[in-house]
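Thanks for coming. I will take one structure today, starting at the ligand and working outwards. Please have it open in front of you.

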Amino acid sequence: MAKTRTVFACTACGAQVPKWVGRCGGCGEWNSLVEEIATKSKGLSQVVGADTPMPMTEISIDEWTAVPTGSPEIDRVLGGGLVPGSVTLIGGVPGVGKSTLLLQLTAARCRGGSRSLYVSAEESKQQVRLRAERLGLLHEELWMVSSTSLPEILMHLDTVKPELLIVDSIQTIFDPELSSAPGSVGQVRHCAHRLVVEAKARGLATVLVGHVTKEGNLAGPRVLEHVVDTVLEFEGDRTQELRLLRAIKHRFGSTNEIGLFEMNDSGLQGVADPSALFLADRAAGAPGSAVVATSDGHRPLLVEVQALVAESNLPSPRRSAQGIDSGRLAVVLAVLERHGERSFAKRDTYTLAVGGAKVVEPGADLGIAFAVESALRNVAVADDLVVCGEVGLAGEVRRVAHLDRRLAEAARHGFKRALVPPGYPTNSVDGMRVRCVSTLNDALISPGVFT
Ligand code: TYD
Ligand code: MG
């Protein structure tokens, strides 16, 4: 019998201590320590072959090129596709569509001629088959197994020999050699490590599904994020159709691209033109609405920001921001009060980004200000006007990144006029009158911006 000893491991950072304490000394998290059986993870050193140093120029990179997944939106986020031997962790709240996304991805790869193994540890094979059938994703190279045991999965890899492995989800996989319960920090960390080692040794592209906690973090030790090559986050509200795929960490490319999907009866569909989606229901001529040219990573997006300002009977009036950063809203309202002589002391202010969009970048400030001003004065912002700029505490309008792309997107959607931060060449976009404004007040009194 191997001698075991108990330790307490932090569920947030994975740090281990011999005695329980209320607060983890590693990361400062409260109440995060759980009891674990300390077991040495065996055999890692035997699996990883010893490496030999060589000149960097002689290192072969042929097998490290991304293979397209067959979904343009996923490929955009991954910078071309999945790299053989890479491990990707995808996180998201329950019901956001992780299993659906991965099933679609796997089927697309199979149609491209590679064999894939989908390990479903949460749903039965029959359940997944039914879904695949309904979505038209059945393929003979798509292999499926319902298993939660790590040694079993490793065995299946030998028999199936897939080029792509999906594990849904990593929190439900366990190694019976460890005595701690499935889902515990030790198990999750051990199984993930082991799958990473296998992926590298076999040149197997692996995707692990990770659960997220109530706070929105990937559950299990943060150390998971360090062992994998790519961490993706699948965001979205299960009540809304729009889903956003974003890379938080990516060893093979930038983390600046986002992928957009719409969930409907036939699964997840890539959204090629998100601006059109966000602007689809815009009511022309309605007060309290402004269109902002925002940018999420490298991707320009046109988003409608709405505001409603109403008399308040509350001692401290309400300020609501949905899909908008409440800190940015507070700054804009403060600047409007201080430098624009408006008062929000007895007014409730509601703002939102339409269509489930999330605009948290400062470039949306000017749009928030226009929506609020428009609601306050009960006049509509001109239909063909798009605005973009950060608002500073002194009331100045500050520069934003990727203005070219934002304005090109606006021009493509038929906007004829733009208000932008100072220093931008005003004749730069075809068919659009671009006006630079240096303060928020200048912007709000520009001719023809309100109708
Ligand atoms: P799922 O992929 O199971 O989510 P996760 O694995 O992240 O928990 O997707 C679950 C939700 O997606 C489910 O509530 C229903 C919805 N859905 C659709 O709207 N259309 C579809 O075609 C599918 C497969 C799911
Ligand atoms: Mg699932």
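Start at ligand 1, where one of the ligand's oxygen atoms lies 3.5 Å from a backbone N or O atom of Val 96. Keep in mind as we go that this is a predicted model.

Move along the chain to Lys 98, where a polar backbone atom is 2.8 Å from an oxygen atom of ligand 1. Then look at Thr 100: here the side chain takes part, with an N or O atom 2.5 Å from an oxygen atom of the ligand. As for cover, ligand 1 on its own has 550 Å² of accessible area, and the protein covers 73% of that.

How many residues surround ligand 1? There are 16, and the closest are Gly 95, Lys 98, Ser 99, Thr 100 and Asn 264. Sorted by class, the shell has five charged, six polar and five nonpolar residues.

Which elements supply at least two residues each to that shell? They are α3, residues 98–111, α4, residues 125–134, and β11, residues 258–264. Helix α3 gives the largest share, three residues.

Now the sheet that β11 belongs to. Nine strands make up this open sheet, with mixed pairing, in the order β6-β5-β7-β8-β4-β9-β10-β11-β12. At the edges are β6, residues 142–145, and β12, each of which pairs on one side only. From one strand to the next, the twist averages 25°.

Two pairings in this sheet are worth a look. Strand β4, residues 87–92, runs parallel to β8, residues 205–211, and six bridges join them. Leu 89 has Leu 208 in β8 as its bridge partner.

The other pairing is β11 with β12, residues 267–270, which is antiparallel and has four bridges. These two strands form a hairpin, with two residues between them. What is the bridge partner of Asn 264 in β12? It is Gly 267. Asn 264 came up earlier, as one of the closest residues to ligand 1.

Next, the helices on this sheet. Helix α3 lies across β4, β5, β6, β7, β8, β9, β10, β11 and β12, and runs at about 160° to β5. So that you can find the strands: β5 is 116–120, β7 is 164–168, β9 is 230–236 and β10 is 242–250. Helix α5, residues 150–160, lies across β5, β6 and β7, at about 155° to β5.

On to another sheet, further along the chain. This one is open and mixed in its pairing, and has seven strands in the order β15-β16-β14-β13-β17-β20-β21. Its edge strands are β15, residues 319–322, and β21, residues 433–436. Neighbouring strands here are turned by 25° against each other on average, ignoring direction.

Within this sheet, β13, residues 289–296, and β14, residues 299–311, run antiparallel and are joined by eight bridges. Ser 295 stands opposite Pro 300 in β14.

Two helices to point out here. Helix α9, residues 326–340, lies across β15 and β16, the latter being residues 347–353, and runs at about 135° to β15. Helix α11, residues 403–412, lies across β13, β14, β17, β20 and β21, at about 75° to β14. For reference, β17 is 385–387 and β20 is 417–420.

To go back to where we began: the side chain of Thr 100 and the backbone of Lys 98 each place a polar atom by an oxygen atom of ligand 1, at 2.5 Å and 2.8 Å. That is what I have for today.

Note on methods. Residues numbered from 1 in each chain as written. Chains lettered and ligands numbered in written order. Predicted model: local features only at pLDDT ≥ 70, side-chain atom pairs only at ≥ 80, totals over all residues. Heavy atoms only, no water. Near = heavy atom within 4 Å. Polar contact = N/O pair within 3.5 Å; in protein donor to acceptor, adjacent residues only side chain to side chain. Areas by Shrake-Rupley, 256 points an atom, 1.4 Å probe, with all protein chains shown as cover. Nonpolar A, V, L, I, M, F, W, Y, C, P; charged D, E, K, R; others polar. Pairing = 2+ DSSP bridges. Axes fitted to C-alpha atoms, helices over the stretch in contact; angles between N-to-C directions. Contact = heavy atoms within 4.5 Å.
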